[in-house]
Amino acid sequence: MAKLIYSALASLDGYVEDEQGNFDWTAPDQEVHGFVNELERPIGTYLYGRRMYETMVYWETVSTDGERSVASREFAELWRAAEKVVYSRTLETVSSARTHIEREFDPDAIRRLKESSPSDITVGGAELAGQAIAEGLVDECHLLLGPVLVGAGKRALPANVHAELELLDERRFRSGVVHLHYRVRASNA
Ligand SMILES: NC(=O)c1ccc[n+]([C@@H]2O[C@H](COP(=O)([O-])OP(=O)(O)OC[C@H]3O[C@@H](n4cnc5c(N)ncnc54)[C@H](OP(=O)(O)O)[C@@H]3O)[C@@H](O)[C@H]2O)c1
């Protein structure tokens, strides 16, 4: 069965964007970007909340010529090759290939997708992922915590969810980013 995985780049105090809507402080350097690419490589399908999709669709059209870093070019190729599902009640059309819109996040449909999918699946941004964690659908989390405090904003992890986690791996990067890889043992909202 495929795993559903939530990955997030966040501040040390646990936010994916600050109160002003900025998240430039999560921008990965080459070392972290290369690592993120290795996390993405085996993924067949991305489940996106509409807001995260609107940020990530940049990778559909970005130039992949030699002026960009190797990690950026590689990420664009991985992104374009994956299937994408965008959850939205407002979005009318999508502007990327291999993409369709779902109007409701149906936990049973996700369970069926996990059973039938030949490769692992990711979920993001934080709002959609929070629902998936609360439903007990998320099997693993990758948190990349940067050395910055932003005080408030959009939480990387949902409020009002109790979950037991097992630390599978950890790693430190030169930039001060720390990677924490957890398996979700059990969760309930
Ligand atoms: N930290 C980072 O590295 C990083 C990287 C990229 C982006 N970001 C930013 O992080 C933020 C993440 O966004 P977010 O967590 O606020 O939102 P999100 O989960 O990406 O998207 C929320 C939207 O998804 C749709 N949605 C959510 N639940 C749904 C459901 N049950 N059924 C149908 N549709 C549903 C709704 O879209 P509608 O309103 O259309 O109905 C909702 O407004 C974005 O601003 C993104 O730009 C951070």
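The space that the ligand takes up is the largest pocket in this structure, and I should say straight away that what we are looking at is a predicted model. Three elements, namely β2 (15-18), α2 (50-56) and α6 (126-134), each contribute at least two residues to the shell around the ligand. If we count the residues around the ligand we arrive at 23, and of these Glu17, Arg51, Thr55, Ser88 and Thr90 come nearest.

Let me turn to individual contacts of the ligand. An oxygen atom of the ligand lies 2.7 Å from an N or O atom in the side chain of Arg51, while for the side chain of Thr26 the corresponding distance from a ligand oxygen to an N or O atom is 3.3 Å. With Ala126 the partner is a polar backbone atom, which is 3.0 Å from an oxygen atom of the ligand. How much of the ligand's accessible area does the protein cover? Taken on its own, the ligand has 930 Å² of accessible area, and the protein covers 90% of that.

Next, please look at strand β3, which spans residues 45-49 and is mostly covered, with 5 of its 5 residues buried. The covering applies to both faces of the strand, since Thr45, Leu47 and Gly49 on one side are buried and so are Tyr46 and Tyr48 on the other.

Which strands pair with β3? One of them is β4, residues 83-87, which pairs with β3 in the parallel sense over 5 bridges, and within that pairing Gly49 of β3 has Tyr87 of β4 as its bridge partner. Another is β6, residues 121-124, which runs parallel to β3 and is joined to it by 4 bridges; here the bridge partner of Tyr46 is Thr122 in β6.

I would like to finish with Ser96, a residue placed in the loop between β4 and β5 (99-102). Is Ser96 buried or exposed? Ser96 has a relative accessible area of 10%, and because the cut-off for buried is under 20%, Ser96 counts as buried. The side chain of Ser96 also takes part in polar contacts: one of 2.6 Å joins it to the side chain of Tyr53, and another, of 2.7 Å, is made with the side chain of Thr99.

Note on methods. Residues are numbered from 1 along each chain as its sequence is written. This is a predicted model: local features need pLDDT of at least 70, side-chain atom pairs count only at pLDDT 80 or more; totals for chains, interfaces and linings use all residues. Side-chain values use heavy atoms; hydrogens and water are left out. Buried means under 20% relative accessible area, exposed over 50%, partly exposed in between (1.4 Å probe, protein chains only). Two strands pair if DSSP finds at least two bridges between them. A residue is near a molecule or strand if one of its heavy atoms lies within 4 Å of it. A polar contact is a pair of N or O atoms within 3.5 Å; within protein, one must be able to donate a hydrogen and the other to accept it, and residues adjacent in sequence count only if both atoms are side-chain atoms. Accessible areas come from the Shrake-Rupley method with a 1.4 Å probe; for residues, only the protein chains shown count as cover. On a 1 Å grid over the protein atoms alone, a cavity is a set of points where a 1.4 Å probe fits but cannot get out, and a pocket is an open set with protein on both sides within 12 Å along at least five of seven lines; lining residues have an atom within 4 Å of a point. A molecule sits in a cavity or pocket if more than half of its atoms lie within 2 Å of its grid points.
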